[in-house]
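Please look at how some helices of one chain sit against their surroundings. The paragraphs below go through them in turn.

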Amino acid sequence: MGTIHRPLPTITPDHVRFWEAARAGRMELQRCNDCGRFWYYPGPVCHYCSSRDFTWTPVSGKGTIYSHTVLERAKGNPFEDDVPITIVLVRLEEGPVMMSNLIDYEPGELRIDAPVVVDYERVDDEVTLPVFRPAA
Amino acid sequence: MTEAVIAGVGESKIGKVPELTTLGIIVDAALKAIADAGLKVQDIDGIILHPAFHMSPRYHIIVAETLGIYVKTLADTEMAGGASYGLALERAKQAVESGLCKNVLLVGGEKLATGHLSGSAMMASVGAHNLDWEYPYGATIPSYYALLAQRYFHETGATEADLAEIAVMTRRHAGRNPRATYRDPITVEDVLASPIISSPLHRLDCSLVSDGAAAYVVSAKGASGDPNREVEFLGIGQAQSYYHMGQLAEGAGDGRHDLVHTVVDVAGDRAFAQSGLSRDDIDVAMIYDSFTVTVAVQLEDLGFAERGGAGAFMRDHGDLGGKLPINTHGGLLSFAHPGACGGMMSFVEAVHQVRGEAEDRQVAGAEVALVTSASAVASNFTVSILGASRA
Ligand SMILES: [Zn+2]
C-alpha cells in the first residue's frame, strides 16, 4: 500500500504528546492514576472515572483486530485514488479500541481477533500516524 | 393538557431536481405540509431545521424569512444527521404541549445529487464522523457501517446474503411507489454482484444520494383543517451513546450496549412504555435504512427479529401483507436519500399509512406505525409510535 492522501488531524495541547511520541516511533497513551486504565483517544480527562490525574505511559503497541473493512470506492474524498484502503478497529492489549489501517498483510491475516502490532507512517513533519501490521 | 399531533406532511420532487435550488425544494415541501394541515403560513410560530450541509448555521431563520414567518417563539436547528427530524419531532411535540408554540414547522432539504457536494466537504460540514482520529485513516461513511457489518457478522453468524434480503425487500416496496428513485426488482444475487463499496457492503447495501425536501407540521390536536387526518403521538423516545468507533466498540462497560448492540432498545422501550402497546400491535414500520446493516441491528435490538435473523425476518415478514411491512415507500435504499431530511420521508410515509392514503402501498387497516431515525454509525436513535386519529 502506498502513501494515502490523508486528511490530517489538528494537533492540540490535549494530544500533542501522543503525536510527539508517534514521531519518535512510540505509542504513548494517558494512564489514569486513579483507576489505572488507559484511554484512547487522548483527552483532558479519564474516560472511565473522570479523573484528571494521569501519566503519559508507553504501551505495547500490540492488539487484536476487532473489526475490519477494505474501502474500495471513495469518490469525492482526498484519498479516492488510493483505494483499496484497509481500515481496522484494533483492540489494544491495554484495553482501548482505536481505528487505524492494516498494512503489509496476507489475505488470511485480515480477520477479527488476528494479532497485530503497531507501525508508523510518516505523513509530514508534524504528523506520523500509527498504523498496524500483522504480528509476527 | 394540550395534546400534539402531526397535522400535515409534504415532500418536494425528489431524485434529481436540477431546476430548483435547495431553498426552492425546502419551500415547496414546507408549503405542501402547511396546506396539508389546512393551515396558513402565518399560523406557523415555530421552526426547526437541519441546515443543509453547505448552508449557514442560520439557515432555519433564512427559510422562515423566505416563507414570511416573522415572529417565532421557537426557531432552532437540529443537527444530528439522520436522527435530526426524529429528535426535532419530540421537541416540536413538547413545544406544542407546553404552550410554547401553536404550530411548529419542521422542514429540511438537500441537493446531494445535483448540488456538487464532495465527500470531504460533507464529512467536514456535517460532523458525521471524527476528523482527527478516524478520517485520516480513510474512513468514509460507508466504511464506518462496513466495520459495523463485519463485526455484526462475526457476532451473529449473519452473512452478506442476509443483509441483501433487506435491500431486496425494500426494492420490492419501492416498486409500488411511482415516486421512488429505483423501482425495478432486484435479487439477493444482484446485491452480491454489485460492486463492493467498503467490504462487506456492496453498492446495493448503501442508501442513495438524492435531491429532495420534506416537511411536517406539529400542531395542537383539533387545530388543523381536518382532525380526522391528524396523526397522534402514541409514544416517542430517543437515545444516544458514543461517537468514535473505538468508543462504540468498547461500549458502556455494562455488557449491554456496544457497537453491534445499539441503544435503539432504550429509545424503543420508552416509546413502547408510553404507548402501552406491544411489538405485535405495530401495523407497519419505517426502520431507518442508511445501510442494510442499519436496519438489521435495529430490528434485532428492538426485539422484532432474533439475533442475526433480521435478513430472514425482512424476507419472511417485511412485505405488504406480511406480519410487519417495513419501509413501504422504498426507504433510503430505493426511494430517496437527500441527507439529513431523508429520515423525514419515513415519517411522511408513516403518516400516509395510518391515514390510509398510501395508495398501492397501503397496509390494510394500518392504524399504528413505528418510525425510527438514526445517525452517526448507529449511535443515535429515535423511535416514534404514531397512530391514526381517534377524533
Ligand atoms: Zn480513571
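**Helix packing in chain B**

In α9(B), the buried residues (under 20% relative accessible area, 1.4 Å probe, protein chains only) are V264(B), D265(B), A267(B), G268(B), A271(B), F272(B) and S275(B). They lie on the same side of α9(B) because they cover an arc of only 160 degrees around the axis, the arc being that of the directions from the helix axis to the C-beta atoms. An α-helix has 3.6 residues a turn, so residues three or four places apart point the same way. The buried residues of α9(B) pack, with heavy atoms within 4.5 Å, against β8 (231–240), α10 (292–301), β10 (368–375) and β11 (380–387) of chain B. After α9(B) comes G276(B), with a positive phi near 70 degrees.

This is a predicted model: local features need pLDDT of at least 70, side-chain atom pairs count only at pLDDT 80 or more, and totals for chains, interfaces and linings use all residues. Residues are numbered from 1 along each chain as its sequence is written, chains are lettered from A in the order in which they are written, and side-chain values use heavy atoms, with hydrogens and water left out.

α10(B) also has helix α5 (residues 141–156) of chain B as a neighbour: their axes, lines fitted to C-alpha atoms over the stretch in contact, come within 10 Å and cross at roughly 45 degrees. That angle makes α5(B) oblique to α10(B), as it is neither under 35 degrees, over 145, nor 65 to 115. Y145(B), L148(B), A149(B), Y152(B) and T156(B) in α5(B) meet V293(B), T294(B), A296(B), V297(B) and E300(B) in α10(B).

Technical notes. Buried < 20%, exposed > 50% of the residue type's maximum accessible area, 1.4 Å probe, protein only. Helix = DSSP H or I, 4+ residues; strand = E, 2+ residues; numbered from the N terminus. Axes fitted to C-alpha atoms, helices over the stretch in contact; angles between N-to-C directions.
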